[in-house]
Amino acid sequence: MKKYLYSDETLFRNGDLFEIDYVPEEFHFRESQMKDIALALRPALHGRRPLNIALRGLPGTGKTTAVKRIFAEVEETTPRLVPVYVNCQTDTTKYGIFSRIFAALSGHPAPLTGIPLRTLIGKVGRTMSERGVVVSVCLDDANYLLPNRVLNGVLFSILRLHQEFPGARAGVILPMSTMDVKLPQELDSGVLSVLQLREIFFPPYREEEIAAILGERVRRGLYPNVVSDALLGLIVGQTMRSGDLRVGLDLIRQSALLAERDGRTAIREDDVLAAYEVSRFVQLSASVRALTPPERSLLYVIADMAVGAGSYLSTGAVYDAAAEKMAMSYSSFYERLRKFDQMRLIELSHVAGNGRTREIALRWEPEKVREVCG
Ligand SMILES: Nc1ncnc2c1ncn2[C@@H]1O[C@H](COP(=O)(O)OP(=O)(O)OP(=O)(O)O)[C@@H](O)[C@H]1O
Ligand SMILES: [Mg+2]
């Protein structure tokens, strides 16, 4: 075995398996959810509109993976249904989202600017209508579009394409990791009545499921004996503690890198414990990376205040502090807070009996948030 390890000086058989956008070859424990998604798409195989579905489940429960696998199968199987995957953390405008749909239909990117939104939507609608293809749009992490009611506007346009362009049929898939989104409050009744959303639930993985998933990844991604069974048990325990499978995947990667750096051929307990101090923040780091610079500055202000203040901050105090550093209306300040809440960076709660005042609690250690934002 050492022959392999020393020849290319790595413990990784295939490092790609630990990248965050990796779509696993084996996708166990999600059989019923995959069937439900397939069932919703099936009408499209006969040229009919797919059912609209929401995929609900905590972070790391396989929602994105499920969609990517089904969409890959659709692409292999039929040209009648065109799948469009949109990451709403990066595509946050109606123009951006219709550009994705246009690109999927035409095979080349839409002009970044220069044509009005109406013209872009018209191109999409006409193409669908003329070619008779059905479109399934996955708005991944759709809850990111709730501030400023972007989601409402996007759904309105997608679901009503057929009115202006006869035969243009489209359905949506809405994966959401926040369990407390109440769509009836977020969407107009006109949108809701067309949407008729069915919910597919992704429960958290149980301990033995996490053990099986991580064990599989270790077998495929690392050389044999790099991770002992006992250490895999420790990694599974830490993953359960953090509540996100991604932490476990990152933990394996970071631990192996630490061992590799020391020129060892197996990871040790202290590698895992040291790696946990990095890996448990994978979600925080990913969320902060997805923020715009002004959003990041606002989060920094909140973290900075929270370092001194303890548990709760009032929205008024934070607005005053932030307004000294950046130009921002109260309403755009509040929409940013709503976005942080959706991203599980903060928890925004009402203060009983006081209309406009809310309390803000950071969900992560303030020092760490400051570090990541800084
Ligand atoms: N059943 C599974 N088998 C193997 N790997 C899995 C499984 N479920 C999830 N994963 C892995 O866990 C990671 C997180 O999964 P995924 O991105 O699908 O979660 P999610 O539900 O979309 O989370 P979020 O709400 O944070 O977007 C991915 O890297 C994926 O490879
Ligand atoms: Mg996801």
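Q: In which loop is the place of N225?

A: In this predicted model, N225 sits in the loop that runs between α10 (207-221) and α11.

Q: Is N225 buried or exposed?

A: The general idea is to read the relative accessible area, where a value over 50% counts as exposed. N225 has a relative accessible area of 65%, so it is exposed.

Q: What is the value of phi in N225?

A: Phi is a backbone angle to be read together with the residue type. For N225, phi is near 70 degrees, which is a positive value in a residue other than glycine.

Q: Where is F29 found, and what is its phi?

A: F29 belongs to the loop between α1 (2-8) and α2 (31-41). Although F29 is not a glycine, its phi is positive, at about 70 degrees. As for its surroundings, F29 is partly exposed, with a relative accessible area of 33%.

Q: How should one begin to read the protein as a whole, and how many helices and strands does it have?

A: One begins with the secondary structure, then turns to overall dimensions. The protein has 18 helices and 8 strands. Its radius of gyration is 23 Å, close to the 21 Å that the globule rule gives for 374 residues, so the protein is as compact as a globular protein of that length. Taken along the principal axes, the box filled by the C-alpha atoms is roughly 65 × 55 × 35 Å.

Q: What do burial and contacts say about the chain?

A: Two percentages are useful here. Of the 374 residues in the protein, 49% are buried. Among contacts between residues at least 6 apart in sequence, 72% join residues at least 24 apart.

Q: How is the surface described, and where do the charges lie on average?

A: The surface is read by its area and by the atoms that supply it. The protein exposes about 18,100 Å², and carbon and sulfur atoms supply 50% of this area. For the charges, one compares mean positions: those of the 47 positive and 45 negative charges are 6 Å apart.

Q: Which residues of helix α13 are buried?

A: For a helix, one asks which residues are buried and how they are arranged around the axis. In α13 (residues 269-279), the buried residues are D271, V272, A275, Y276 and S279. They cover an arc of only 135 degrees around the axis, which means that they lie on the same side of α13. The cover over these buried residues includes α11 (229-242), α12 (245-261) and α14 (282-289).

Q: What does L251 in helix α12 touch?

A: Apart from neighbours within four places in sequence, L251 is in contact with I235, Q238, V272, A275, Y276 and S279. L251 counts as buried, at 0% relative accessibility. From C-alpha to C-alpha, L251 and E76 are 34 Å apart in space, while 175 residues separate them in sequence.

Q: Is R56 buried or exposed?

A: A residue under 20% relative accessible area counts as buried. R56, in strand β1 (residues 53-56), has a value of 7%, so it is buried. Not counting residues up to four places away in sequence, R56 touches residues including K63, M176, E199 and F202.

Q: Which residues is K339 in contact with?

A: K339 lies in helix α17 (residues 330-342) and counts as buried, at 11% relative accessibility. Leaving aside neighbours within four places in sequence, its contacts are Y144, P147 and E295.

Definitions and conventions: Residues are numbered from 1 along each chain as its sequence is written. Chains are lettered from A and ligands numbered from 1 in the order in which they are written. This is a predicted model: local features need pLDDT of at least 70, side-chain atom pairs count only at pLDDT 80 or more; totals for chains, interfaces and linings use all residues. Side-chain values use heavy atoms; hydrogens and water are left out. Buried means under 20% relative accessible area, exposed over 50%, partly exposed in between (1.4 Å probe, protein chains only). Helices (H or I, at least four residues) and strands (E, at least two) are DSSP runs, numbered from the N terminus. The arc is that of the directions from the helix axis to the C-beta atoms. Contact means heavy atoms within 4.5 Å. The radius of gyration is taken over C-alpha atoms; the globule rule is 2.2 Å times the number of residues to the power 0.38. Accessible areas come from the Shrake-Rupley method with a 1.4 Å probe; for residues, only the protein chains shown count as cover. Lys and Arg count as positive and Asp and Glu as negative; His and the chain ends are not counted. The place of a charge is taken as NZ of Lys, CZ of Arg, CG of Asp or CD of Glu.
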